[in-house]
Amino acid sequence: MSLRTAPSLRTWPRPAACTRLRPFSLSSRVRSAPPPDIFRADKAAVYPFGVPSNDPKRSLFPSLSLTVRDADCWAILAPTSSSPTRAALVATLRHQVRFDPISSASHPILATLPPVERPADEGGPRDRTVDDLIQFVSFKTRLGRGSDFDDYTARYYSIRDEDKLTVRQHLRDATGADDAAVEDKAAALQMETLLDSPLITLSNGQTRRARVLRALLARPELIILEEPFTGLDAPSRAHLATLLASLHAARSPRVLLVLRPQDVLPPFVTHLALADATGDRSLALGPRGEVLAGVEARALLAAGEREREASVQRAMRRREAGERAAKETEGRKALVELKGVNVTYGREEDGQVERRILRDLDWTVRAGERWLLAGHNGSGKSTLLALVLGDHPRSFNEDVTLFGQPRYRRATATLQQNIGHVSPEIFNAFPRKHGPEALTAYESIVTGFESVYSYRRATAEQASAIDALVRQLEHPLVTPEFLARPFAALSAGEQSLVLLLRALVKRPPLLVLDEPFSGMDRQTVDKAQRFLDEELDEDQAVIMITHFEEEVPQSINRVLRLEEGKVVEHV
Ligand SMILES: Nc1ncnc2c1ncn2[C@@H]1O[C@H](COP(=O)(O)OP(=O)(O)OP(=O)(O)O)[C@@H](O)[C@H]1O
């Protein structure tokens, strides 16, 4: 069925049925010269670099046969984001492994590509490498940042000279693309109006789109996108899926997706690699229909489907529950009070474009309330949270009251004592040092007591708070060995979990959870949701942002929805 969408036919005069032929079919070669394969492995033993071939137990795949043909759009699907098999397959496709024998795997398309032009003083033209061929956009990819802590609140202040780098300039510097190419690709990703914004002002969803844009501008033959739909709102997800379908159709570039089971499988995916969650590197590979007919795939996708359906019901129930919940918390202490708040950037009188980010916003959050802060990418949610967190200069105005006092009367440190916070910005900014200065998972959680980003020795009381938290979480992953691992060595989902524990550990009156489950596997999301539903104190309030309805815990029963900075739903 998916072959109908195989759009290669426009560029390559090849019958659709060819995509079903075995890769080495002689008859297909004789009939016409098919476009070269992107990747081909024939009974290849795949090893990490440095592991000798006489140690097959340590191989990534003992005998891998896989062909990614020109027309194929593969999706790699694993039950968990941290599946080592999933990571091993991506590394294999990127040739970041050793093949035995060397000739058992190759990227045949490489031999057909023209060399990369370079001036004579840089060595003249050079052959293309796999790195030229494939761009990998990981959820972990950071835009132009180092391994130290970044001040993610900088975007809210008047932008410093060193932070004035615009999206356009960044893209040009990083990829060597000219303005026309930048504008063309930006338009495809609906980012043209953001090109002249400083890079640091982009919202989270906008940043993720910018990563895809940067990878496209490097003009690869294949783009591998890891969990590309995470952090995008539903319309942006649909738009991205359509865009990827047309990019793949035009081979400009071809697309390979790495998806979570809860993601919707786009119709243009023709082939699936179903990886296991454990380390035993079992893979089901083949055309989409065949793999989906298998028991494992059906179970995996059915669970995702059930989850999505249940979440629609939950959203409806939440609307009904909202009014009741508001009555229950009516007389309780107000933790956050915003009255007629506006946030505007750029002043017309200074010749700048004026952008209103929040408009006449009223909102009160009381002790024990559980809020979903909803809205499309760029609608102003993080800006609103920055007011609540006291991170935004506008929070010092009279119209913002936090924990019973105007923000300007509260020291930032006292404010932070009352708030546990996770966000994509913290995820990006959290230090990931290696070597002796590296924080372990445990030490990263300890930093939550003082809301800092550097090592603090845990007091006895803090150590027992962490023990209690880990016990209550009831997650088999979180063992003493796990807690002793360096934060930087954990998978994206594991890092998200550690940062969530960091936010929870001091049991603050207010939890601000901005996309807290990003990158987490289903089991971890379940454990975290159960914790939020059952283990919080009655008086702890929650404000949560997520673009995935199925990630909203059941106990969330209030909704504030923004559209272009205005409140459009308040229940
Ligand atoms: N300093 C700034 N100058 C100009 N525009 C800004 C600045 N900071 C943020 N913006 C813009 O404000 C808008 C709202 O950003 P915000 O991060 O609040 O969105 P969001 O709703 O949290 O989006 P997402 O779901 O993608 O995280 C975005 O269009 C962003 O580009």
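F403 is buried, with 20 other C-beta atoms within 10 Å. Colleagues, I begin with this residue of our predicted model because a count of 20 or more is what qualifies a residue as buried. F403 lies in the loop between β14 (400-402) and β15, and its phi is near 50°, a positive value in a residue other than glycine. Most residues other than glycine have a negative phi. Q190 also departs from that habit, with a positive phi of about 55° although it is not a glycine. The location of Q190 is the loop between α6 (179-188) and α7. Is Q190 buried or partly exposed? With 16 other C-beta atoms within 10 Å, Q190 is partly exposed.

Two peptide bonds also deserve mention. The bond joining D100 and P101 is cis, with omega about -5°, and P101 sits in the loop between β4 (98-100) and β5 (105-106). A cis bond likewise leads from S252 to P253, with omega near -5°; P253 belongs to the loop between α8 (234-250) and β8 (254-259).

Let me now turn to the protein as a whole. Its 571 residues are 41% buried, and its secondary structure comprises 18 helices and 20 strands. Of the contacts with a separation of 6 or more, 71% involve residues 24 or more positions apart.

The strand β15 takes us to an open sheet of four strands, in the order β12-β11-β14-β15, with antiparallel pairing. β12 and β15 (405-406) stand at the edges with a single partner strand each, so one side of each has no neighbour in the sheet. Within this sheet, eight bridges connect β11 (residues 334-345) with β12 in the antiparallel sense. Which residue of β12 is the bridge partner of V341? That partner is L361.

A parallel pairing is found elsewhere: β6 is joined to β7 (residues 222-226) by four bridges. One of the bridge partnerships links Q135 with I223 in β7. In β6 (residues 134-137), I134 and F136 point one way while Q135 and V137 point the other way, and all are buried. In a regular strand the side chains alternate between the two faces of the sheet.

I come next to the nonpolar cores. The largest has 66 residues, and I76, L77 and I224 have the most contacts inside it. Helix α7 gives the most to this core, with six residues. Apart from it lies another core, of 58 residues, which includes L358, L387, A541 and L560. Returning to L77, and leaving aside residues up to four places away in sequence, L77 touches L259, P261, L272, L274, A275 and L300.

Helix α17 (residues 492-504) is the next topic. Its 13 residues reach 19 Å from first C-alpha to last, close to the 18 Å expected at 1.5 Å a residue. Of these 13 residues, 12 are buried, so α17 is largely enclosed by the rest of the structure. The buried residues include E494 and R502. Among the elements against which the buried residues of α17 pack are α15 (460-473), β17 (510-514) and α18 (522-534).

Finally, I address the ligand. Which of the 19 residues around the ligand come nearest? They are S203, N204, G205, N377 and S382. The elements giving two or more residues to this shell are α7 (204-217), β12 (355-366) and α11 (381-388). By character, the shell residues divide into 13 polar, three nonpolar and three charged. Helix α7 thus appears in two settings, in the shell around the ligand and in the largest nonpolar core.

Key:
Residues numbered from 1 in each chain as written. Predicted model: local features only at pLDDT ≥ 70, side-chain atom pairs only at ≥ 80, totals over all residues. Near = placed C-beta within 6 Å. Nonpolar A, V, L, I, M, F, W, Y, C, P; charged D, E, K, R; others polar. Contact = placed C-beta atoms within 7 Å. Pairing = 2+ DSSP bridges. Expected span 1.5 Å × (residues − 1). Core = buried A, V, L, I, M, F, W, Y, C linked by C-beta atoms within 7 Å.
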